[in-house]
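This briefing accompanies the sequence and the 3D structure displayed just below. Please keep both at hand while reading the points that follow.

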Amino acid sequence: MTSTVGQRPPSYDVPAHVEALYRDGITGLKGAFSREWVEQMREDMMDAFWSAIQRPGGAVGRGPRRWYVEVHPQDISGFVDLVTHPWVTGICESVLGPEYEIVEIGFDVPFQGARNQPWHRDFPSPPETYRDRRITSLAFNLTGVDVTSDMGPFEIAQGTQWDDGRDWDHEMFPPKDAWSRYAERGVRKYPQMGDISARSALTIHRGTEHLSPIARPVLVLGVDAPGAGHAALHDPMVTQDYYDALPESVRRHLDCRVVDELVPITQKHDIEGLVMGAD
């Protein structure tokens with residue numbers, strides 16, 4: 001079920017990471033997993049991509065030459081390693097509370113020819129965030145490759161998770177005349193294999209132009225506070241034998257259906273405004 005490769009765990013201070021998350025909208029841990037572990041994760045993602053791209057609704061466009069694929073937990077052989085990593089559980093408990101819910105696992109993959117995305121957030125901001133300044137959902141990201149400047153690195157406008165956005169297109173896309181503000185705050189990220197980040201999906205961000213012939217798959221783990229409601233956008237499934245073998249600590253947090261046989265996910269969360277790209 002898992003593919004842990006032993007390595008010395010990095011030291012970290014969860015409260016300091018939570019402080020960074022609330023300040024910048026993103027935080028990260030270097031060297032959380034071994035490169036061997038990530039190589040297996042990348043293989044799992046690319047196998048899932050080539051399967052998904054052949055069926056309707058299996059891979060949704062997030063701009064030219066860029067797709068998002070949602071998968072089932074057991075499609076990622078290191079899923080249990082990921083969701084039981086003490087940094088991941090520590091961040092989830094500190095930010096979302098002890099009853100946090102794992103609602104999504106998938107991956108984004110740009111290929112050569114992917115263009116700059118428009119600045120955006122992944123869903124509308126709830127009052128708990130724009131009014132009360134409370135983060136109610138997290139996206140954990142793990143790169144499948146060592147990211148270089150020609151691989152369309154992820155760019156994030158730090159500190160923008162608190163922007164209201166109710167008057168934006170779909171409440172997700174700030175107007176073009178505001179893009180310069182996000183560009184000024186934008187920081188491009190160059191994670192290496194084994195690094196992990198946690199961010200608010202409401203922090204304004206974009207994928208950038210991908211010039212390299214090497215694809216850049218990045219795993220996405222979506223986690224909610226109780227009542228955040230994003231589980232309705234996803235439909236992860238596990239088989240009974242897989243579910244029974246999960247640690248109780250994982251079963252308690254995993255929002256999924258238990259089925260006799262896995263069927264491919266038809267995705268419900270299609271971000272229409274990303275299809276054409278920004279330029």
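In which hand does α1 pass α4 at their crossing? In this predicted model, α1 passes α4 in a right-handed crossing, and the points below begin with that pair of helices before turning to the nonpolar cores and to several individual residues.

**The packing of α1 and α4**

- Helix α1, which covers residues 14–24, packs with helix α4, which covers residues 86–96, at an angle of about 60° and with their axes 10 Å apart.
- Because angles from 65 to 115 degrees count as roughly perpendicular and those under 35 degrees as roughly parallel, the two helices α1 and α4 are described as oblique to each other.
- On the α1 side the contact is made by V14, H17, V18, L21 and Y22, and these meet W87, G90, I91, S94 and V95 on the α4 side.
- Sorted by class, the residues in the contact of α1 with α4 are seven nonpolar and three polar, with no charged residues.

**The surroundings of α4**

- Helix α4 is mostly covered, since eight of its 11 residues are buried, namely W87, V88, T89, G90, I91, C92, V95 and L96.
- These buried residues of α4 pack against α1, against α3 (79–83), and against the strands β1 (26–29), β5 (137–143), β8 (196–199) and β10 (218–224).
- Just after α4 comes G97, which takes a positive phi of about 100°.

**Nonpolar cores**

- The largest nonpolar core has 54 residues, and those with the most contacts inside it are F79, L82, I91, F140, I196 and L221.
- Helix α2, spanning residues 35–52, supplies the largest share of this core, with eight residues.
- Apart from the largest core lies another, of six residues, which include W119, W168, Y182 and I204.
- In soluble globular proteins, nonpolar side chains tend to be buried together.
- When its neighbours within four places in sequence are left aside, I91 is in contact with V14, H17, V18, L96, L138, F140 and A198.

**Two buried residues, V69 and A32**

- V69 lies in strand β3 and is buried, with a relative accessible area of 1%.
- Not counting residues up to four places away in sequence, V69 touches A48, F49, A52, G58, A59, G106, F107 and Q267.
- V69 and V187 are 118 residues apart along the chain, and their C-alpha atoms are separated by 25 Å.
- A32 is placed in the loop between β1 and α2, and this residue too is buried, with a relative accessible area of 8%.
- Although A32 and M193 are 161 residues apart in sequence, they are 9.2 Å apart in space, C-alpha to C-alpha.

**Positive phi outside glycine**

- R65 lies in the loop between β2 (60–61) and β3 (66–70), and its phi is near 55°, a positive value in a residue other than glycine.
- With a relative accessible area of 42%, R65 is partly exposed, because the partly exposed range lies between the cut-offs of 20% and 50%.
- R133, found in the loop between α5 (127–130) and β5, has a positive phi of about 55° although it is not a glycine.
- R133 is exposed, with a relative accessible area of 52%, because a residue counts as exposed when this value is over 50%.

How values were computed. Residues numbered from 1 in each chain as written. Predicted model: local features only at pLDDT ≥ 70, side-chain atom pairs only at ≥ 80, totals over all residues. Heavy atoms only, no water. Core = buried A, V, L, I, M, F, W, Y, C linked by side-chain atoms within 4.5 Å. Buried < 20%, exposed > 50% of the residue type's maximum accessible area, 1.4 Å probe, protein only. Helix = DSSP H or I, 4+ residues; strand = E, 2+ residues; numbered from the N terminus. Contact = heavy atoms within 4.5 Å. Axes fitted to C-alpha atoms, helices over the stretch in contact; angles between N-to-C directions. Parallel < 35°, antiparallel > 145°, perpendicular 65-115°, else oblique. Left-handed = near helix turned anticlockwise from the far one by under 90°. Nonpolar A, V, L, I, M, F, W, Y, C, P; charged D, E, K, R; others polar.
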